[in-house]
Amino acid sequence: MVLLFAQNSLSISGSVKDSIGNPIASASVAVVNQNGAGITFSTTNDKGLFKCDFQSSNENYSIKVTAMGFQFYSKKIEQKNGQHLSVMLKQTSYKLAEVTIKSNNKINLSSDTLKYSVKGFQESNDRVIGDVINRLPGIKVDENGAISYNGKRITNVYIDGDNLLDGRYKMATNNVPVGAVEQVQVIERDQPIKALNGYVSSNNVSLNIKLTDSARTMMVNSGYVGAGNKAYTDELNNLIFGKKIKAINTFKANNIGENLEAEQASLGQTFNNEISLKMPQTFLSMESENLPNMKEKYYLLNNDNSGSLNALVKLKADWGLRLNLSTLQLKRKYQYNNAVNYFLGNADTIRFNETQDNVYKLNQWHAEAQLEKNSKFIYLKNITKFEIPKWNRNGNTIQNEQGFGQSQPTNQLSISNETSVVKALGINNILQYNGLVQYYKVDENLNITPGIQKGILNNGIDYLSLNQQASTKNLFVNQSATFKTKFNRFVLSAAAGISYEHNQLLSNLYKTDSTNNTVLVGNQFKNDVIFDQLGLYAKISALYLLEKGSINVEASPTFSNINYADSDRDLSNKNNYFLLNPIIEFRKTLGKYSELNGRFAQQTQFGQVNDIYNGGILVNYRQFNVNNRPLPKTDITNFNVRYAYRKPIKMLFYNFIFSYDKTRQNFINSFTIDSGLTESTAIDFQNKTHQYSLSGNISKYVFPLELNFSAHGSLSMQKGNSFYNEEITPFKTYQMSTGLSLRKKLLSKITISIVGDLNKSINKQESLSGIITNETANEKIKGEWLHNLSEEISYSVSYNFVSYHQSLRQPVRNQFLDLNLKFAPTHWKSFFEFQYINLINQQNYQQINSTTNQLSVYQMPLRPRTFLIKYFFTF
């Protein structure tokens, strides 16, 4: 034994082989001190070689080597720079239960990674990996394609460990063929930045799509074409999954209600507290945002075209270059009728009816480039994004028997750059830099012909048209540096940063009179607002690593200087605030299968330029918005506790989540409503809202019955205040939901599945004239029968049922029946499908929507009965 003296630089290399001399790849190599704490870590390459560099101190050190299927190896090391070690590992015939758990070859657990065998859950009609993911025990996919595992939202979806698509992972789940995937892996506590290992306690969950060996060695080209009664669809995919380059390139078009915009949406979610990009804010609309609570293929009258090129090139020395380019060319038709009832304590029920027939068109381009280096000693990422969406909306509206036309062109531009650097300083310290610069602008127009609201805007005289214009520009800059150090079980972090945001709003309302003369309606409908926010902040945190968990205490003392001015009204306002924003987080693994998480956080948010303008804006054809309040300030207190259990050997997963949210605001929105107009004014008021919620999920695969079972339930209560027609009314809202899913194999060739959901809401408001109660319930049932008649022929029948119940109305019911027939000739790489959608040809859809004081009945025509013949091919 030789003592190692302070500040010596040591480099140790070597090889790891088995007893017959074969190199062992991906073996874990660690240098630990005399207390067992890790000093540096490495893994062997495909030739079994490793290298460890570290700064020594006055301690004894050992090297430890582990590899799956081999016995543990440990040896003390001497003070000798540049020494080479030859390590031989002996094979072992057993695997520790806490390391690897297998479950009938369908699922196994290794450390923090849960691995699902695709073949164990695959069915004959599965085409892409998303079809399988939707059925995996413990995993749930919502109607938008967002994935959650045991009640926790997925952050990223990797392809063979590489982040090709970032949050837009539906591009992978919708396009990677199921035959190209060996496993779907759930990575708990995912922390992909190697240089931060040991410095953060991650709460993220990600998926990794592990490919088959054959998929890594060849280019996969696939697609389909389909046609039917006034219907078409086509798709072409080019997939490359090599070691040096990965790419997913797609081109798609259809008019059968498949929403290509949803496929490119960002669905990932992170629990980190890093600064994120600002979302462009819009002011105007044509008031047709209500959409049915059912699958889009039944109602979406579309003509969608999209193209997407996504490539990741691995360069030398842990460098990678990622490029993403996509376009959307969409055309949508929306036709609907909405009958709205407001129940107000100080007035009779207010009713209005609106009918709209609109066409929306989108021309959008998105470009993104990322350069990244990810090694143990340094992490660097630079990502630039550029996006140009252009909407052109047109339509005709009838409100209370008054007809008019609308058009709403909207142009946006967004460009941003994000930089992150993490550098190891010695063996126990790191320095981190984060920088973000973003600029966006939005130009909106709302044109209404002939002019409306003549009693307010034109002295009761008819006029030709009304034009609302709104233009916003935003510059956002954030720069910060963080130092982290660790000793024993503590990780201490200190950060300092500066942020600056500059907003500008210009808006005007114009009218064109009967002589075709266009003038401003008035200065009360004009805005020229400048909004600046400068923040100086620090972040101090202490992370204590438990045996199987962590405790993190954090505070972000922030000084905010917020100034805004309206030149038209000679208005200037200056505000200074100092905040702490504390966070306390707790995570503990209980035994082998359970985990307990807790989080307490306080945060303050301030209003932006869209919250402080004093001139009126016609946000839609029936509503004016104006502000008469101080700078909006919202204090949010959140507390939540999550208990999760997962036992892969039994394929049992369940979780419970309790959360409490308290919101305090220094304003309230006062609404004045009649049958033809809504005026919204934000005024000074100390407003509080409380929300309590409890939810849970359970998922179980029953092996003897070959039955996949899952259930979920939630209960929440919210109480606060609303302000309608000069009366403040306290309200309470109760939301209850429950759901059940069963999937069962019968006679090895038949699979049946049943999914049911029940939601109920109870809304109560306490007006001066008494308590007003509004109750609604919603039921959804889906049943599917899948039958493999032979190896070549299979069919499926699905039934969807949606109903709404309201205490004062007759129930509203909607039902749909679909048929799918598949013919896959033996030894062919292609197959045929015959699809029949909306077989019973339901022509109209109804939906009841309810809030504390509002009840609306929404109706729209559905797509007609549609049949398609589709040909799928691979080349």
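Me: Which residue in β49 stands opposite Phe 834?

Reply: This is a predicted model, in which local features need pLDDT of at least 70 and side-chain atom pairs count only at pLDDT 80 or more, while totals for chains, interfaces and linings use all residues. Residues are numbered from 1 along each chain as its sequence is written, and side-chain values use heavy atoms, leaving out hydrogens and water. Strands β46 and β49 (residues 866-874) pair in the antiparallel sense over seven bridges; a strand is a DSSP run of E, at least two residues, numbered from the N terminus, and two strands pair if DSSP finds at least two bridges between them. Opposite Phe 834 in β49 stands Ile 869.

Me: Which side chains of β46 point to one face and are buried?

Reply: In a regular strand the side chains alternate between the two faces of the sheet. Along β46 (residues 831-837), Phe 832, Phe 834 and Tyr 836 point to one face and are not buried. Buried means under 20% relative accessible area, with a 1.4 Å probe and protein chains only. On the other face, the buried side chains are Phe 831, Glu 833, Gln 835 and Ile 837.

Me: What is the bridge partner of Leu 819 in β46?

Reply: Strand β45 (residues 812-823) pairs with β46 in the antiparallel sense over five bridges. In β46, the partner of Leu 819 is Tyr 836.

Me: With which side chain does the side chain of Ser 550 make a polar contact?

Reply: Ser 550 lies in strand β30 (residues 549-555). Ser 550 counts as buried because its relative accessible area is 5%. At 2.7 Å, its side chain makes a polar contact (here, N or O atoms within 3.5 Å, one able to donate a hydrogen and the other to accept it; residues adjacent in sequence count only if both atoms are side-chain atoms) with the side chain of Ser 201.

Terms used:
Helix = DSSP H or I, 4+ residues; strand = E, 2+ residues; numbered from the N terminus. Buried < 20%, exposed > 50% of the residue type's maximum accessible area, 1.4 Å probe, protein only.
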